[in-house]
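Colleague: Could you walk me through this model? I am new to it and would like to ask about a few places in turn.

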Amino acid sequence: MEKFAEQLRELRHEFHRHPELGFQENWTKARIAARLEELEIETHVGAGVVGVLRAGKGNRAIGLRADFDALPITEENDFSYRSENEGVMHACGHDGHTTMLLGAAELLSKDPDFDGTVVFLFQPNEEHGLGAKAMIDEGVLQRFPIDEVYGAHNLPGEPVGRVSTRPGIICYSESLFEFEIRGRGGHASMPHVGRETLTPGAELVLALQTIVARKLPPSAGAVVSVTEFITDGQRNVLPGHTIIKGDTRAASPDDRRAIESYMRDIGAGIAASHGVEVKVGFRTEFIEAVNDAEAAGHVVAAARTIGLEADGNRKPMTFSEDFANFQAEVPGCFLLIGNGTEGANARPLHAANYDFNDDLLPIGAKLWAELVRQRLSLGGRTPG
Ligand SMILES: [Zn+2]
Ligand SMILES: [Zn+2]
């Protein structure tokens, strides 16, 4: 096992040195494909990389997904394997996710004690929420049908290998909104002559806060954040054009749709009361990731079998994950796994001095392999 861990560490460092941004991950894809081919696993390269491993005669199939894109961040770590691609960094640990899944591919190909098919889904461009969709649009789920799908993200600040998940909502949706207010600008000394757009804009920003505070139930836990306020005003010129942008998170599709609808009502109300034109844009980048209750139970069972601490009822994460797109097609579970409580392993995801924990690599690989063994167990269909 020591050698296995060492080899995964080297592979992870290789990925870490070669970070690539979403949809530009050509080196990464080639490296993943080369490793799968070394393991004699059937390999398909498209938007992502798919590995297919069959054993026995069983016709059930399980999908395991790892993401592999990096972020436009200049790495502050100065260890030997720091990013060699200036301005790009594996600051979310996707180098580790991919290495853990390649580790599972190795364990399962060398000891195929399961009955059925494992589909390894290596996914590009998670950070912009486009990679899972690209693979699905390409038809991966038709070409390689699966009955269940699982994905994982490391969680800095939690003890190494501590697994946590929950039935139902696990990651919030993210939608971007934009209000465009058009009126008539003019001289700052004569506001009554025109229809300036800054004051209606200010009112709009405050009114948006009432969606969470007064319109959704207190337990909804939604977030509405205004992040930009842009006008064409000058020191003595009232603006005739104002743009307000922001980001909103929701824990259910119903809440997300309610937020959009309240935003449109507020926009219309501001327009009517100030005699300006208000256009509302609302675009959902990430849908909610919703865990199947049984699949969440299977994750907890597999984790406990290999001696990991597992919490099957953690709080949902307010961040978003495009693994949700796979879960919208196939029942599955997204889980969090502790990345460690010290140093770079405990720093927040997307921090320039964060690092994935190498000690987690063999643990994650074993967890995936155990989950496959339990879900595609020899001797027939595993009870749901
Ligand atoms: Zn990220
Ligand atoms: Zn991530």
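Colleague: What kind of link joins the side chains of Arg12 and Asp95?

Modeller: The side chains of Arg12 and Asp95 meet in a salt bridge, at 2.8 Å from N to O. The term stands for a side-chain nitrogen of Lys or Arg within 4 Å of a carboxyl oxygen of Asp or Glu. Before going further, please note that this is a predicted model, in which local features need pLDDT of at least 70 and side-chain atom pairs count only at pLDDT 80 or more, while totals for chains, interfaces and linings use all residues. Residues are numbered from 1 along each chain as its sequence is written, chains are lettered from A and ligands numbered from 1 in the order in which they are written, and side-chain values use heavy atoms, with hydrogens and water left out.

Colleague: Where do Arg12 and Asp95 sit?

Modeller: Arg12 is in helix 1 (residues 2-17) and Asp95 in helix 3, so this pair links distant parts of the chain, 83 residues apart. Helices (H or I, at least four residues) and strands (E, at least two) are DSSP runs, numbered from the N terminus.

Colleague: Are Arg12 and Asp95 buried or exposed?

Modeller: Arg12 is buried, and so is Asp95. Buried means under 20% relative accessible area, exposed means over 50%, and partly exposed lies in between, using a 1.4 Å probe and protein chains only.

Colleague: Which residues are linked in a network of salt bridges with Arg12 and Asp95?

Modeller: The network links Glu6, Arg9, Arg12, Asp95, Asp355 and Asp358.

Colleague: How many salt bridges does a search of the whole structure find?

Modeller: The search finds 31 salt bridges. One of them joins Arg35 and Glu106, with the closest N and O atoms 3.0 Å apart. Arg35 lies in helix 2 (residues 26-38) and Glu106 in helix 3, so the pair ties together parts that are 71 residues apart in sequence. Arg35 counts as buried at 10% relative accessibility, and Glu106 counts as buried at 6%.

Colleague: What about Arg65 and Asp67?

Modeller: Their side chains also meet in a salt bridge, at 3.7 Å from N to O. Arg65 is buried at 1% relative accessibility, and Asp67 has a relative accessible area of 0%.

Colleague: Helix 3 has come up twice. How many of its residues are buried?

Modeller: Helix 3 is mostly covered, with 16 of its 17 residues buried. Its end C-alpha atoms are 24 Å apart, which agrees with the 24 Å that 17 residues should span at 1.5 Å a residue. The expected span is 1.5 Å times one less than the number of residues.

Colleague: Which residues does Thr98 touch?

Modeller: Thr98 is found in helix 3 and is buried, with a relative accessible area of 1%. Leaving aside residues up to four places away in sequence, Thr98 touches Phe15, Ile32, Ala66, Asp67, Phe68 and Phe122. A contact here means heavy atoms within 4.5 Å.

Colleague: Now the metals. What are the protein donors of the zinc ion (ligand 1)?

Modeller: The donors are Cys92 (SG), Glu127 (OE), Glu127 (OE) and His350 (NE2), lying 2.0 to 2.5 Å from the ion. Donors are N, O and S atoms within 2.8 Å of the metal (3.2 Å for Na, K and Ca); water is not among the atoms, so sites may look incomplete.

Colleague: What are the angles at that site?

Modeller: The angles among the four donor atoms run from 55 to 154°, and the site is irregular. Four donors count as tetrahedral if all angles lie between 85 and 135 degrees; four count as square planar and six as octahedral if opposite donors are over 155 degrees apart and all others between 65 and 115; anything else is irregular.

Colleague: And which residue bridges the two zinc ions?

Modeller: Cys92 bridges the zinc ion (ligand 1) and the zinc ion (ligand 2), which lie 3.2 Å apart. Cys92 is buried, with a relative accessible area of 6%, whereas His350 is partly exposed at 37%.

Colleague: What are the donors of the zinc ion (ligand 2)?

Modeller: Cys92 (SG), His94 (NE2) and His153 (NE2) lie 2.1 to 2.3 Å from that ion. His94 is buried, with a relative accessible area of 0%.
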